[in-house]
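Let's take a walk through a protein structure together. Have the sequence and the 3D view ready, and stop at each place as we come to it.

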Amino acid sequence: MAADLEAEVQAIDKSLLECSAEEIAVKWLQTNDLQKEVYQHLAYYVPKIYCRGPNPAPQREDMLAQHVLLGPMEWYLCGEDPAFGFPKLEQANKPSHLCGRVFKVGEPTYSCRDCAVDPTCVLCMECFLGSIHKEHRYRMTTSGGGGFCDCGDTEAWKEGPYCKKHEISISETAEEEDPLVHLSEDMVARAYNIFAITFKYAVDILTWEKENELPGLEIIEKSDTYYCMLFNDEVHTYEQVIYTLQKAVNCTQKEAIGFATTVDRDGRRSVRYGDFQYCDQAKSVIVRNTSRQTKPLKVQVMHSSIVAHQSFGLKLLTWLSSIIGYSDGLRRILCQVGLQEGPDGENSSLVDKLMLCDSKLWKGARNVYHQLFMSSLLMDLKYKKLFAIRFARNYERLQSDFMKDDHDREFSIADLSIQIFTVPSLARMLITEENLMTTIIKTFMDHLRHRDIQGRFQFERYTALQAFKFRRVQSLILDLKYVLISKPTEWSDDLRHKFLEGFGAFLELLKCMQGMDPITRQVGQHIEMEPEWEAAFTLQMKLTLVISMMQDWCALDEKVLIEAYKKCLTVLMQCHSGFTDGEQPIVLSMCGHSVETIRYCVSQEKVSIHLPVSRLLAGLHVLLSKTEVAYKFPELLPLSELSPPMLIEHPLRCLVLCAQVHAGMWRRNGFSLVNQIYYYHNVKCRREMFDKDIVMLQTGVSMMDPNHFLMIMLSRFELYQIFSTPDYGKRFSTENTNKDIVQQNNTLIEEMLYLIIMIVGERFSPGIGQVNATDEIKREIIHQLSIRPMAHSELVKALPEDENRETGMESVIEEVACFKKPGLTGRGLYELKPECAKNFNLYFYHFSRAEQSKAEEAQRKLKKQNREDTALPPPALPPFCPLFASLVNILQSDVMLCIMGTILQWAVEHNGYAWSESMLQRVLHLLGMALQEEKQHLENLSEENVVTFTFTQKISRPGEAPNNSPSILAMLETLQKAPHLEVHKDMIRWILKTFNAIKKLRESSSTSPVAETEGNIIEESSRDKDKAERKRKAEIARLRREKIMAQMSEMQRHFINENKELFQQTLEELDTSASGVHDNSPVVSDAKLTALGPQQTRVAEHRQVVMCILCQEEQEVKVDSRAMVLAAFIQRSTVLSKNRNKIIPDPDILMLSKRKNNEDNKDYEYTQVMM
Ligand SMILES: [Zn+2]
Ligand SMILES: [Zn+2]
Ligand SMILES: [Zn+2]
């Protein structure tokens, strides 16, 4: 290599080698017009050094540039030989204590999970190893390139901001000291001059767009040499580019690969060198060859002088970057030069010019100047702030440029937002002074212009361009997250004002989402095309953390919370204005209560899963309770304007939709809906979707008559008729009703009971129940571990992460679980502590169906092992916060008692279809919850309190005329003896036991006496005991038998439950085949078939029932029934067939069964019928 270089050097123009840096510098020091001198020098020499041939010669160019171009600049700057000057500068420097190391792609970075202010704060390896954080919980990642080390940034770390290396300097430098004091006045002046000239030169030449002229420089060499420059884009593939190049410039494949690689890495590469025509010819071939399907590759024929100056311009930026490394003073001067406004005012500074041209620059140029910004502007405390302001003011423009640009975000100046917005003081300053929150949100909205008539986002039928834009615009949500990530400790009026303005803009955004992607139940026929749903969910998912953070901010300041609540309510009312329009009000009445509502059926009208405004209001409502604002300033809150029926309407519809989907009523709407329901409950979304809908219902119930609430709920579940009409159930099942409908209603009733259980039982969020945040996470862990012991990683996946990517698990795990070290194989597992099992709630709202049944099984097994009864009663719950306290009354409301009574009645009568065991199980659970509630009320009784919760009293009362139904208690006693309910006996026994315990408590506390109807229970239980005593041996044997039988029936039940569809199908098949035989009784054996005459035998009518692969509904194939055409192509497998001679017996009908491998969709099994 050295020899090569020498040979090259010898070939160089002598005049270049004879240049003396010192002499030139002296000339520059004496001139009056330095810019002119320098420009002349550059105009003459740059084209002599750069771009002398078809291929770049970086070594030669670098060497000559250093000697002829940079050398004089360094001499000028130092005023002496830079070999002495730079070390002196370095010595005089009081270095900043910021590390600022810029990461390369793939370089490891470290973040401390205990001390980092947010997860974007990282350390380089060297700093990490020298810091206290290596002893903490840390996270290691590999950098995607572009960020820098935050060591020394006191805002980035809660503790230990300095590593050992960067700590040394802090004691010596005062924080706000001007670094220029360490430089001589002459030096400052010279640095200012040379930086101003070179920086401007570089910016001008890099952003230059004309092809035959240069900014402020004459083209000295008028030679006709050009380059055909090929630019990178993200549209064309490597293969396309290589193929095109081979054609266009007649190169080998290897050369073409070389060109393509450089284009991809640096963003551009000259592919031909010569006169204009020669280059232009290549250009037209490339354009022609790449413009068929897409926009053509960008190619430009450029004069060699321009390319030369651009190459040197880049070199200069890198040089500046390294020069300022010698001294913080020089760095500050460069920052000042860069941000100084030019004569054209706004946006005329060099920094602005570069930023605003970003999307026009090629990749390599962008990288170089981004690096320079990072090592200069972002390293200087004073100018970082000024730069942040420039960045924020240009934000909208930069983002718009980024939307149009096709490069990835890491190559865009827009990506610097992470460096700026995550600095807490800067973020706060930008919010108050530049209204950044509003700017970001408005910019985002501007780019999502596609709306429906109601002004909601519409993603259906997006063009490729719109889809591309949508993907890009999502990065703005990330910016919003950065701005909000560190929460203010103090609020100024300005900050309040600007935050609320931003919050208002955010509400406008959510308003465009409220009700988007509405769906209507498909009846009769399947949807033809799955509707687009992913875009809306992507948006929701990305916004989830932002929505949570908005609430966190509101929680920090009472005034802000009050205003935010008002704003949110106003927007919600706007969304729902006219939600009763055109609806005929109807009156519902039950048990002597009546309420007016609207006629609305989820199964017939439009319904949407997206209700972010309602959900945000629900979140804020909880905060009113959590921060006690609701009690401190009730007069400032619009509580009287709240209309509970309006608040609950949409969340209730959404939950009813889920229930109906589960009941199979929406099968014809396809998978898009199944997927949406899945995400609605998923750990990534549920916090701001499903969870908040439950909260909204809790809010509603706590503000209205629970009887009214329940009636509206029954009506939305389309079950009102069943419970409001006496004996409706009985009639329903005896009449010849469609079994499908009965099944459907059963599922809906089960789902509704489940929902009531959740409304009453889910009070583990601070503000709803009297709990703290750790109780909430503990409960999540307890329920996860109730399913089975889990490894750390598994557990983390099941828990929601906050904006710092933390679940909060580590702080509480030891209280609820023991870690079992891994054995010889496998992983270490967390196991639930035995004493935590009592907190297990079978109807925990975050269980999926599969998880619920696994947990039930596991917990029953555990109880059996401990020789306890297998009842899984509801756990004792924390009390509600006052704002929600009245909610518990739903349990003892008349309508609730009526619902429970009705279902128990069905169970007692045990009549076929109209009830199900899981219905009963849920009613028993609710009874248990009510008893727990009453017991707790009694136990926490203080002198002046009167217990208003008198559930025991109410369930002891028999029904009134004309029904004259027995009391709930009496029915329970009956059920305890029912042979068909063996599995529930333990639970019923537990209920009766608790009932007695409460009775005793009442007696001892002597408050409000309980009616004395239930005396027989004690007697009965003692009689039971006697009996057991006398017939002990016989009993033991019987019990054992029974236990085994119960076990078997339990297993059977499980099996049937798990394979419901199959079971149903088999039943029906049996049915049809049986009826087939019956119908065709005169059929005789084949031998005696008579086709004609009076003895004519009836031909067996072949009845065929097939199941639809989509909706799972069966239909008989008849000439006059609805047609169903399914296309299929059957051929012998070329891979799997074992016997190729075998003939398929009946190729007409092949039944294939496939199971979707989604753990949560066990219920969806598809049988494909091919005809
Ligand atoms: Zn570092
Ligand atoms: Zn460090
Ligand atoms: Zn730490």
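The paragraphs below go from the metal sites to a helix, a single residue and a hairpin. Keep in mind that this is a predicted model.

Start with the zinc ion called ligand 1. Which atoms hold the zinc ion (ligand 1)? Its coordination comes from the SG atoms of C99, C124, C127 and C149, at 2.2 to 2.3 Å. If you look for these donor residues in the sequence, you will find the spacing C-x24-C-x2-C-x21-C. Now turn to the geometry. The angles that the four donor atoms subtend around the zinc ion (ligand 1) run from 97 to 123 degrees, which makes the arrangement tetrahedral. To count as tetrahedral, four donors need all their angles between 85 and 135 degrees.

Are these cysteines buried or exposed? Both C124 and C127 are buried. For C124 the relative accessible area is 3%, and for C149 it is 2%, so C149 counts as buried too. The cut-off for that word is a relative accessible area under 20%. C127 has a further role to notice: it bridges the zinc ion (ligand 1) and the zinc ion (ligand 2), and these two ions lie 4.2 Å apart.

Next, find the zinc ion called ligand 3. Here the donors are C112 (SG), C115 (SG), H133 (ND1) and H136 (ND1), at 1.9 to 2.3 Å. The angles between the four donor atoms are 101 to 119 degrees, which makes this arrangement tetrahedral. Along the chain, the donors of the zinc ion (ligand 3) follow the spacing C-x2-C-x17-H-x2-H. One pair among them, C115 and H133, links distant parts of the chain, 18 residues apart. C115 sits in the loop between β1 (108–112) and α7 (125–129), whereas H133 sits in the loop between α7 and β2 (138–142). Both C115 and H133 are buried.

With so many cysteines in view, you may wonder about disulfides. A disulfide is a covalent bond between the sulfur atoms of two cysteines. How many does a search of the whole structure find? The result is zero disulfides.

Let's move to helix α16, residues 363–375. At 1.5 Å a residue, its 13 residues should span 18 Å, and the end C-alpha atoms are indeed 18 Å apart, which agrees. Helix α16 is mostly covered, with ten of its 13 residues buried. Among them are Y369, L372, F373 and M374. What do the buried residues of α16 pack against? Their partners are α9 (185–206), α11 (253–266), α13 (304–323), α14 (328–339), α15 (350–357) and α17 (381–393).

Further along the chain, pick out Q921 in helix α41 (residues 917–939). Q921 has a relative accessible area of 14%, so it is buried. Setting aside neighbours within four places in sequence, Q921 is in contact with L842, Y843, E856, R860 and H984.

Our last stop is a strand. In a regular strand the side chains alternate between the two faces of the sheet. Strand β6 (residues 585–590) shows this: I586, L588 and M590 point to one face and are buried, while P585, V587 and S589 point to the other and are not. β6 pairs with strand β7 (residues 593–598) in the antiparallel sense over six bridges, and the bridge partner of I586 in β7 is T597. The hairpin of β6 and β7 has two residues between the strands, and C591 takes a positive phi near 50 degrees.

Conventions. Residues are numbered from 1 along each chain as its sequence is written. Chains are lettered from A and ligands numbered from 1 in the order in which they are written. This is a predicted model: local features need pLDDT of at least 70, side-chain atom pairs count only at pLDDT 80 or more; totals for chains, interfaces and linings use all residues. Side-chain values use heavy atoms; hydrogens and water are left out. Donors are N, O and S atoms within 2.8 Å of the metal (3.2 Å for Na, K and Ca); water is not among the atoms, so sites may look incomplete. Four donors count as tetrahedral if all angles lie between 85 and 135 degrees; four count as square planar and six as octahedral if opposite donors are over 155 degrees apart and all others between 65 and 115; anything else is irregular. Buried means under 20% relative accessible area, exposed over 50%, partly exposed in between (1.4 Å probe, protein chains only). Helices (H or I, at least four residues) and strands (E, at least two) are DSSP runs, numbered from the N terminus. The expected span of a helix is 1.5 Å times one less than its number of residues. Contact means heavy atoms within 4.5 Å. Two strands pair if DSSP finds at least two bridges between them. A disulfide is a pair of cysteine sulfur atoms within 2.5 Å.
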